[in-house]
Amino acid sequence: LMLTEAHMGEFFSAFCALLWAIAIILFRKSGEHVGPVPLNVFKNTLAMVLFPITMILIGKPLFPAENGVADWMVLLLSGAVGIGIADTLLFASLNRIGAGRSAIVESGYSPFVIVCSFIYLGEPIGPVLIIAMVLMVGAILVGTWNPKRVPIADIREFRIGVFYGVAAMVLMAIGLVIAKPVLVRSDPWWVTAVRLAGGMLVLIVHGAMPKQRKAVLEAFRPSKAWKVTVPAAIVGSYLAMFFWILGMKYTMTTTASVLNQLSTIFVLVLATVFLREPLTKRKVAAIGMGFVGAIIAVV
């Protein structure tokens, strides 16, 4: 069955969500051996090595003649904001509020992208897209919200965690929409590599701090943990990131962002299969709502 050009962006965005869900399962296993900051630096460093090698092998220029200094600056800024700073804030949020509530905070990603795309890019917000977004966000809330699962010992830390998580979603949305004008007229391999480089500039500074330096260096020493961390990095920071950019290139950022949030729904399914987490009625309802939302977004 041939993939029609009209739906390439939607397919790539949904496929990115699946790849990211697989990566999240692997990252959860990696987290048993490697801390969040070292893991973040490790996965993005590996991707930074793979992207230029891939571009050389498939004949893509590392310095395209049609892209000037302004394009480089926009993408580096996009990566610094949307990958470097946002990822750091997201991990800080995760450490404070836990995975369950973090998934709820992350449900704000597509609404923020839709608002930013409307303001900055002038992309329309139709009723169909709003219905799809509501279903997707609702699915995440139904599937992950459990007030008894994560005890809140310190309400101040909880509020800080929520603030960091929301700030991360806003910065991801901003980083995405400012890159879109360059993306639509540029090679997606080059765009992904340059954004990743911008993110790495921030992560290198963070990873070089005294509190993180030893753990970061330890993550780069070959060990048994590499059996999980290397595949996680390849799937999450190399493959998923490339298909994420492809989705954004070939469809509206608003539609792509809604489909990207399928990753949380896919995680519920994969966690049941591979991590033996129980498949509750709430999760079944969430999975159903998520896929209905995705279908509406595509149609």
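These numbered points go through contacts, one helix and one pocket of a predicted model.

1. Aromatic pairs. The model holds 16 aromatic pairs. One of them joins Phe12 and Tyr250, whose ring centres lie 6.3 Å apart with 50 degrees between the planes, so the pair counts as tilted under a rule that calls planes under 30 degrees apart stacked and over 60 edge-to-face. Phe12 belongs to helix α1 (residues 8-30) and Tyr250 to helix α9 (residues 226-250), so this contact ties together parts that are 238 residues apart in sequence.

2. The two rings and their surroundings. Phe12 is buried, at a relative accessible area of 12%, whereas Tyr250 is partly exposed at 37%. Both residues belong to one aromatic cluster, which also takes in Phe11, Phe15, Phe51, Trp189, Tyr238, Phe242 and Phe243. Tyr250 has a further contact: the charged end of Lys249 sits over its ring, 5.9 Å from the centre.

3. Salt bridge between α2 and α3. The count of salt bridges in the model is four. One of these links Asp87 and Lys43, with 3.9 Å between the closest N and O atoms. Asp87 is part of helix α3 (residues 69-106) and Lys43 is part of helix α2 (residues 36-57), so the bridge ties together parts that are 44 residues apart in sequence. The cut-off for this contact is 4 Å, so the pair at 3.9 Å is counted. Both partners are buried: Asp87 has a relative accessible area of 13%, and Lys43 has one of 6%.

4. Salt bridge from α3 to a loop. Asp71 forms a salt bridge with Arg185, and the closest N and O atoms are 2.9 Å apart. Asp71 lies in helix α3, while Arg185 lies in the loop between α6 (155-183) and α7 (188-207), so the pair ties together parts that are 114 residues apart in sequence. Asp71 is buried at 7% relative accessibility, but Arg185 is partly exposed at 48%.

5. Salt bridge between Arg221 and Glu218. The closest N and O atoms of this pair are 2.7 Å apart. Here both residues are partly exposed, with a relative accessibility of 44% for Arg221 and 45% for Glu218.

6. The second largest pocket. Its volume is about 160 Å³. The lining has 14 residues, and the closest to the pocket centre are His33, Val34, Glu218, Ala219 and Ser223. Glu218 is thus named twice in this note, as a lining residue and as the salt-bridge partner of Arg221. The elements giving two or more residues to the lining are α2, α8 (210-219) and α9. Of the elements, α8 gives the most, with three residues.

7. Helix α11. This helix runs over residues 262-274, which makes 13 residues. From the first C-alpha to the last it reaches 18 Å, close to the 18 Å expected at 1.5 Å a residue. Its buried residues are Leu262, Ser263, Thr264, Ile265, Phe266, Val267, Leu268, Leu270 and Ala271. As background, an α-helix has 3.6 residues a turn, so residues three or four places apart point the same way. After α11 comes Arg276, which has a positive phi, near 60 degrees.

Terms used
Residues numbered from 1 in each chain as written. Predicted model: local features only at pLDDT ≥ 70, side-chain atom pairs only at ≥ 80, totals over all residues. Heavy atoms only, no water. Helix = DSSP H or I, 4+ residues; strand = E, 2+ residues; numbered from the N terminus. Expected span 1.5 Å × (residues − 1). Buried < 20%, exposed > 50% of the residue type's maximum accessible area, 1.4 Å probe, protein only. Phe/Tyr/Trp six-rings, centres within 6.5 Å; stacked < 30°, edge-to-face > 60°. Lys NZ or Arg CZ within 6 Å of the ring centre and 35° of its normal. Salt bridge = Lys/Arg side-chain N within 4 Å of Asp/Glu carboxyl O. 1 Å grid on protein atoms, 1.4 Å probe; cavity = no way out; pocket = protein on both sides within 12 Å on 5 of 7 lines; lining within 4 Å. Points joined across faces, edges and corners; volume = space filled by probe spheres on them.
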